[in-house]
Amino acid sequence: MLWEDRRLAGRIAPLHEFASWPAWPESVTPPPRCPLAEFEEELAVLAAGPEERGAAARELVEALRAWWEAAVRPYWPRIRSVLEADIAYRTRQLAEDGIHEVFARLHPSLRWAGDRLVSADLPAGGPELGGRGLTLAPSAFAARCRLLDGPGPTPPAVVYPSRAVGTLWEHRDASGDGLARLLGSSRARLLLLTSSPTTTTQLAARCGLSLGAVSQHLGVLRDAGLVTSHRYRREVHYTVSDLGSALLERA
C-alpha cells in the first residue's frame with residue numbers, strides 16, 4: 001500500500017506545480033464542450049492542444065488521468081447525479097423564470113449589470129462571446145466561479161459550485177423500515193437513489209439488479225407518481241417526485 005501511495009504521488013507530481021501557477025494559460029484549461037463532458041473526451045482535447053506545450057502537456061495529461069482513476073472515478077456516478085440534478089434545476093428555472101433569474105441564483109458573487117454578467121471571480125468586462133453562447137458547468141469541487149475561455153468556436157464556460165454538494169456523502173438505509181415493507185426492499189432502495197437524477201444503468205450498477213428488473217420497478221414507481229422521468233441528451237433520468245420525497249421524509 002505504501003509503495004502504491006508513493007507511485008501515485010510520483011504520477012500526480014505535475015499537478016502540484018500546475019496548481020502553484022499564478023495564472024493558468026487558456027490552452028491548459030480549455031472550456032468544456034457541454035456541462036457534463038466525459039473526462040476522456042476533455043483529456044483528449046487537452047492532449048491535442050498546441051504543439052509547443054510538448055512534454056509538459058503530456059505529463060499533465062498523465063497526472064490528471066492518474067488522479068481521476070484514484071480519487072474521482074470511484075465516486076463519479078454519485079457526483080454526476082448531483083451535477084445532473086443541478087442542471088435539471090437550472091433548466092426548469094430557465095423555462096419558468098428566464099435567464100436573468102438563473103444567473104441571479106447561480107452564485108452569490110454573480111450579478112447582472114446592464115447586459116453583462118459581473119463577478120469579482122470573473123475577468124473585468126466579461127468574455128467576448130461573438131455569437132458563441134455561454135456554457136454553464138456545475139462543479140462538485142469549485143468554491144468560486146471561474147471563467148474558462150480559449151481560441152476557437154467552443155463557447156466560454158462559467159464553472160460554478162453545484163447545488164446540494166453536501167448530499168454527496170449522505171447515507172440512508174431503507175432496509176427493514178416501513179418504506180421497505182410498503183414498497184418492497186428493491187423499490188424502496190431505488191426510490192432513495194433517485195433523490196438525484198439517475199439513469200437505469202446507474203441504478204442497476206448501484207443496486208446489483210438487472211436492467212430489466214430496474215426498469216420494471218421504475219415503471220411501477222412512476223405509475224404510482226413517486227418518480228418522474230426526463231430525457232437529457234440520449235439518456236433518460238429518473239428523479240423522485242414531490243410525493244415520493246414526502247414519503248421518504250415520512251418514512
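**Two pockets in the model**

Reader: How much space lies in the second largest pocket?
Author: The model is predicted, with local features needing pLDDT of at least 70 and side-chain atom pairs pLDDT 80 or more, while totals for chains, interfaces and linings use all residues. Residues are numbered from 1 along each chain as its sequence is written, and side-chain values use heavy atoms, without hydrogens and water. A pocket is an open set of points on a 1 Å grid over the protein atoms alone where a 1.4 Å probe fits, with protein on both sides within 12 Å along at least five of seven lines. Filling the second largest pocket with probe spheres set on its points, joined across faces, edges and corners, gives about 1,200 Å³.

Reader: Which element gives the most to the lining of the second largest pocket?
Author: The lining (residues with an atom within 4 Å of a point) has 37 residues, with Ala85, Ser195, Ser196, Pro197 and Thr239 nearest the centre. Two or more residues each come from H5, helix H8 (185-193), strand S6 (227-232), strand S7 (235-240) and helix H11 (242-250); these are DSSP runs numbered from the N terminus (helices H or I, at least four residues; strands E, at least two). With 11 residues, the top contributor is H5.

Reader: How much space lies in the largest pocket?
Author: Its lining holds 50 residues, and the closest to the centre are Leu64, Ser139, Phe141, Leu148 and Val159. The space in the largest pocket is about 1,900 Å³.

Reader: Where does the largest share of the lining of the largest pocket come from?
Author: Elements supplying at least two residues include helix H4 (54-72), helix H5 (76-97) and strand S3 (135-139). The largest share is 6 residues, from H4.
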